[in-house]
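Let's take a walk through this fold, starting on the inside and finishing at the surface. Have the structure open and ready to rotate.

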Amino acid sequence: MKKQFLAFAMAAMCLTSAVTVNNVCGNVVAADSDTTAAQTKKKMTLDDVKELSKKGKSLDWEDLDAFEAKWRNAGVYSRFCKFDLGDGFFLVVGGEPNFRPETVWLCYSSMDNYVDVKTGDVSEFISKYAKEDKVTTTTKAAVTTTSKAVTTTTTAKATTTTTAKTTTTSKAVTTTTTAKATTTTTAKTTTTSKAVTTTTTAKATTTTTVSEMPVTLKGDANCDGQVDLSDAVMIMQALANPNKYGIGGTAEKHLTEQGQINGDMDGDGLTVGDAQAIQRKLLGLDEKATDLEALRKQLSDFFAEEKIDYAVIPKDKMPEQFADKYVFIKVNTVDTGYAARYGAFLKSSDIYSSLIKSIPYKIDSDTELNKIRTLLYCYILENNINASVDPTDEEADLINKTVLVKYADSEKTREQLENFIKEKNIDLNLVEFFAVE
């Protein structure tokens, strides 16, 4: 449960924003801004993790100061970092600066495979997956040639037999070819065999055809011919665990393309708001108000009265394609108390939360990273991609120098985002990807 909660917390950035790393972490991260100290920091290795594990539950932030790190705000944790260790291993650290790190996990491949560095056997964990990861590697286009050459000097008829055996290994396929040659001569003959290996690489092309389907029954997400609570459950499962319950998922009962179209209650793609809309429909409750200008004023008044550091973005400052579809707000604090009060207000005021989008970029900032965040966020929202963009913090950007994008653990999703980045001529080195469950 803790693993799922942490993964969800890292992915859910809608009601969080980044904060200045030095301000949040106080003395704990003061070394991050010290140029002299920064020059002595080193990249963490598995041996370093073994040493850290010896500290057990006394492991503290100072023990991590010697290593290169990009500390970020992850919503639930105001200090979070992922250390890539190579060979599929990575370390996840999260917590609050005034206390010892709460989460220190050594993971292999994904957070499904992890050991608690403070309490678990790190050496055994490393040995287990290091062994599983060992493979016999054959050098591409390697050739093993066994040749038998016979040189015969004679004044009569002589026969020279040469046998060449070539073994070619390519992508786990072994082909053995034996060639036998017979040469007849009446003089001194020297026969030399030469093995030639040709490697051919085939390129696979996948073409995806998208077809438009009509709605068969509004709200029937599981396509059983009726609308009930199980449709809302299907939507929530598909959003929370797309690999299992999403389109093409591993579960016996998973979302289909038709179900995705049926379940989209408001026409902006499948969201939590659609599950809520189905529940309200089943309860026979009145529809919520969707007057966006009235909603902007209602939210502005609430933020002012409650002294909550959230800002409503004016319609004329929004991207044109979203101005008549959503209300944009900018969250300027990570105080979870504010988030709880805000959530309670939406519920008590009967407001569709799916109409409100918390943006990760600053409206009036022209920094390169802020521009990248803006482009990525709008692309993700417009195409209903299961991903989120880390919020802007210009002082933290000077340290990290990248935009963090969290996405559902799917190669298709990452490839789609990378293709967009390339189309916009954005340097891929300025974008850091983090896969979550």
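Leaving aside neighbours within four places in sequence, which residues is Ile372 in contact with? Keep in mind as you look that this is a predicted model. The residues in question are Val403, Ile426, Leu430 and Val431.

Now zoom out a little. Ile372 and Val431 turn up again in the largest nonpolar core, a set of 29 residues. Along with Phe328, Leu376 and Leu417, they are the ones with the most contacts inside that core. Several elements supply at least two residues each: helices H12 (368-382) and H14 (411-423), plus strands S11 (387-389), S12 (403-408) and S13 (431-436). H12 gives the largest share, with 8 residues. In soluble globular proteins, nonpolar side chains tend to be buried together.

H12 deserves a look of its own. Its 15 residues reach 21 Å from first C-alpha to last, close to the 21 Å expected at 1.5 Å a residue. Its buried residues include Leu369, Ile372, Leu376 and Leu381, but also Asn370 and Arg373. After the helix comes Asn384, with a positive phi near 55°.

That isn't the whole interior story. Apart from the largest core lies another one, of 24 residues, with Val49, Phe83, Val117 and Val122 among them.

Finally, swing round to the outside. Leu229, Val233 and Leu282 make up a nonpolar patch on the surface, together showing about 260 Å² of accessible area. Val233 sits in helix H6 (residues 229-240). Is Val233 buried or partly exposed? Its relative accessible area is 40%, so Val233 counts as partly exposed.

Methods: Residues numbered from 1 in each chain as written. Predicted model: local features only at pLDDT ≥ 70, side-chain atom pairs only at ≥ 80, totals over all residues. Heavy atoms only, no water. Core = buried A, V, L, I, M, F, W, Y, C linked by side-chain atoms within 4.5 Å. Buried < 20%, exposed > 50% of the residue type's maximum accessible area, 1.4 Å probe, protein only. Helix = DSSP H or I, 4+ residues; strand = E, 2+ residues; numbered from the N terminus. Contact = heavy atoms within 4.5 Å. Expected span 1.5 Å × (residues − 1). Patch = residues over 30% accessible without salt bridge, like charges linked within 9 Å, V, L, I, M, F, W, Y side chains within 5 Å. Areas by Shrake-Rupley, 256 points an atom, 1.4 Å probe, with all protein chains shown as cover. Salt bridge = Lys/Arg side-chain N within 4 Å of Asp/Glu carboxyl O.
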